[in-house]
Amino acid sequence: MIDSKWKITTLKMGELYVEKSSLTYQKDVGEYLWIPIWSTALEGNGVNILIDTGIHDLEWVNKHIGVCRQLEDETIIKALEEGVGWGPEDVDIVINTHLHYDHCGNNNLFKNARFVVQKKEWAASHNPIPCQESIYFKELFDSSAVNYLNWRFVDGEEEIVPGVKVFLTTGHSEGHQSVIVDTEEGSVCVAGDIANLLCNIQENIPAGIVTSTKEMYEGMEEVRKRGKFIIPGHDYTIKKYQNNNFPIINK
Ligand SMILES: [Zn+2]
Ligand SMILES: [Zn+2]
């Protein structure tokens, strides 16, 4: 009998300095804050899964995107070593919630991994809507980063391995997916940017970066249906290397 309970560890990939309304649809204009970038490691049955791979280079983000900072243990190599004791070669599966620069920046490091992304996101990343052209960088996910044959393109809800399922939560990007993970405490949704912050899901406020506001509401509803706990993509109440006691979705 396969034990489908997974151990989760959050990995912090630095922090971005943003205007809050970019996270809370047309609310909190003029308010600025530092937000973490989360990657998440899953361990179970001898399989190592990494959800999202952070930013690849601090200077690059500061130049191309905006103000960003990163402590020494917040690079993917250091965080994996310290948080779960893995080297990049130990990662079996990478799940990209979506292909914005802060979620796939280090894809090129995982040479032994299969990469999971939604078909729709793959298409969108090669032909983004104009307002998102600046946050997709092809070299982070094209064949110079990941051998095309190592991608697994999924279409909607799919079980990746027992106890780890992906499902579409579009609206922040055209093919965004979230991950539902079985743990000893119950189901944990690694949400990606369908919920940047906890308040998005708890107060039903869409993120500020959207391809469809309506789909964002629908995506958040799908998260509420499936998850008991949540790890939002950029929430500041989550701790580095957190393993349990994640925030409850329906407070
Ligand atoms: Zn995003
Ligand atoms: Zn993000």
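Val223 is a good place to start: leaving aside residues up to four places away in sequence, Val223 touches Thr169, Ser178, Cys189, Ala191, Ile194, Ala195, Ile201, Ile230 and Ile249, where contact means C-beta atoms, placed from the backbone, within 7 Å. This is a predicted model, in which local features need pLDDT of at least 70, side-chain atom pairs count only at pLDDT 80 or more, and totals for chains, interfaces and linings use all residues. Residues are numbered from 1 along each chain as its sequence is written, while chains are lettered from A and ligands numbered from 1 in the order in which they are written.

Val223 is also, with Val181 and Ile230, among the residues with the most contacts inside the largest nonpolar core, which has 63 residues. Such a core is a set of buried Ala, Val, Leu, Ile, Met, Phe, Trp, Tyr and Cys residues joined through C-beta atoms within 7 Å; buried means 20 or more other C-beta atoms within 10 Å of a residue's own, exposed means 12 or fewer, and partly exposed lies in between.

Now look at helix 6. Its buried residues are Glu215, Met216, Gly219, Met220 and Val223. Seen down the helix axis, they fall within an arc of 140°, so they line one face; the arc is that of the directions from the axis to the C-beta atoms. On the other side, Lys214 and Lys225 are exposed. The cover over the buried residues includes strand 10, strand 11, helix 5 (198-203) and strand 12. Helices (H or I, at least four residues) and strands (E, at least two) are DSSP runs, numbered from the N terminus.

What does helix 6 pack on? Helix 6 (residues 213-226) packs on a sheet, touching strands 9, 10, 11 (186-192) and 12, and its direction makes about 160° with that of strand 11. Axes here are lines fitted to C-alpha atoms, for helices over the stretch in contact, and angles run from 0 to 180 degrees between N-to-C directions. That open sheet has five strands in the order 8-9-10-11-12, with mixed pairing; two strands pair if DSSP finds at least two bridges between them. Strand 9 (residues 164-168) and strand 10 (residues 177-183) run antiparallel, joined by five bridges, and Val164 has Val181 as its bridge partner.

A further open sheet has seven strands in the order 4-1-2-3-5-6-7, again with mixed pairing. Here strand 6 (residues 114-118) and strand 7 run parallel through four bridges, with Gln118 opposite Val154. Helix 4 (residues 119-126) lies across these two strands, at about 85° to strand 6.
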